[in-house]
Amino acid sequence: MSSAQGKTEVIRAPQAGTAVLTPNPLQSERVFRLLVESLSDYALFLLTPDGVVASWNPGAERMKRYKPAEIIGRHFSIFYVPGDLEARKPENELRMARETGRHEDEGWRLRKDGTRFWANVVITAIRDTDGQLLGFGKITRDVTDRREAELRYRLLIDGVTDYAIYSLDRHGNITSWNSGAQRIKKYSAEEIIGKHFSQFYTKEDAEAGLPAKVLHTAATTGHFEGEGWRIRKDGSKFWSSVVITPIRDEAGELVGFSKITRDVTDRMKLLEKIQHHADELEIRVAERERTNAELEAFSYSVSHDLRSPLRAIEGFTDIVLTDYGSQLPEPVLGLLQNVVQSATRMNRLVEDLLNYGRLGRIEIESAPVSVAAAVKAACEQIDENLRDEIKSAVDPSFQVSANLATLTQSLFNLIANGLKFYPPGQKPHVDVSASREKGDIVVRIKDEGIGIEPQHLERIFQVFERLHGDQLYPGTGIGLAIVKRGINRIGGKVWVESKPGKGSSFFISLPAA
Ligand code: ADP
């Protein structure tokens, strides 16, 4: 055979310059032999009708390690492993090739040195024109590497237990099943391979044609992703997250689908719980909004109903004082002035209460606010005679995320209190300073006044909580409640440190802008 090697005869087509093989039939046979011999990746050989090796190509020699002289004339069962021999595989394969013309198989085969390789084998019956069996052609390929890669891949897939990974044929019948699939869906591979995947769907989904729809989507768009209820072998339901990908052969022909399913019931339940809480919260918010609306209506009527008679009292008393003041005896004048003062005080009370109520309801928008500017604005609202008693040292670069009106109002209330709560006759003094603490700016309003007993430090921030009589320290008892509510609404905190008899420091902390 080797004598022909390297002598392929070609004639040159003069014009085109392409090599063309001669059409001579004898020549064709020689070329065919050469082809067979050059196929070193395939073992190609002939068997007699009884299975005796009749020819041997270099590919066969390379694969099975026998030289032609060593193997020609021997029975081909020599290539089979003992188990296959016991099962009479060589005879059966020849029989099947004889009966059907061709037989294909994959399995272990032996080399001359006894080592194994995984072979893909095709045996073809060769007959003459009368149908007489001349022998068999046998093509063997060593596909050990492919098998190992497949095995590794299968082991990898099977090692995944958190995901059900399985494949379907074109019609949706299950063709592979990993341990994750068994864990999640409870079917063993033996039970489920060959069955249609629609059996995992609920009756309603199956009846609505969902299984066919998802395969169609995957096939036409290259991908399907979705979530839904699926049924385990025991009939229990789980919420699954599914990804389906079509599998195509080299020609692009659809051969099946791969399917990855995850049991996300826990996540779904958690989401349901969150949704439930959100719904509840929404109901509560709605209730609160309703209450707020009622309160608002009430506040409006209070302000309206209380203010007009108050205004009438103030107005008429004022008229009496202006128009008839000179005719009235001194004690009556004094009493009437008390009336005016009380009406004024009540007016302020109503005003403060309405402000406090409004602070809880309205939208307060935050924006970067200069602390120094807010302090300045607050000081400008302080009684002119007391303004000089305030010392302010705030870094002009300090900006907080706040609402200017709310911050100014709060600073005003704290500074005004600081100037107010001094022992009678003592000249008041307030220091305003600010410092940066991590991401916050902390403003401090410090006085050296009467101070506050420790047990009252919390409650003074509540509405109407006052520690002194109105005669000594006039006020409504709402100022600090307004500060607390306002500062909380813009994301800040308020607190106080105090030493009775020594003075107090009120602090406002707000996020730096
Ligand atoms: P008002 O000042 O109108 O009484 P606030 O709500 O502003 O109401 O204050 C509540 C109470 O807290 C005051 O009545 C007073 O007893 C106490 N307080 C507030 N600020 C100071 C301060 N700087 N020093 C001492 N006590 C204070």
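Me: What makes the pair between arginine 466 and the ligand a polar contact?
Reply: A polar contact is a pair of N or O atoms within 3.5 Å. A polar side-chain atom of arginine 466 lies 2.6 Å from an oxygen atom of the ligand, so the pair counts as a polar contact. This is a predicted model, where local features need pLDDT of at least 70, side-chain atom pairs count only at pLDDT 80 or more, and totals for chains, interfaces and linings use all residues. Residues are numbered from 1 along each chain as its sequence is written, and side-chain values use heavy atoms, with hydrogens and water left out.

Me: Which backbone atom lies 3.1 Å from an oxygen atom of the ligand?
Reply: A polar one of leucine 467. Glycine 479 also offers a polar backbone atom, at 3.3 Å from a ligand oxygen.

Me: How much of the ligand's accessible area does the protein cover?
Reply: 98% of the 530 Å² that the ligand has on its own, going by the Shrake-Rupley method with a 1.4 Å probe.

Me: What makes a residue count as near the ligand, and how many surround it?
Reply: One of its heavy atoms has to lie within 4 Å. That shell holds 21 residues, and the closest are Asn417, Asp447, Arg466, Gly477 and Leu480. They split into eight nonpolar, nine polar (Gly is put here) and four charged (Asp, Glu, Lys and Arg).

Me: Which helix gives the most to the shell?
Reply: H14, with three residues. Helices here are DSSP runs of H or I with at least four residues, and strands are E runs with at least two. H14 (404-420), H15 (479-489) and strand E18 (503-511) each supply at least two shell residues.

Note on methods:
A polar contact is a pair of N or O atoms within 3.5 Å; within protein, one must be able to donate a hydrogen and the other to accept it, and residues adjacent in sequence count only if both atoms are side-chain atoms.
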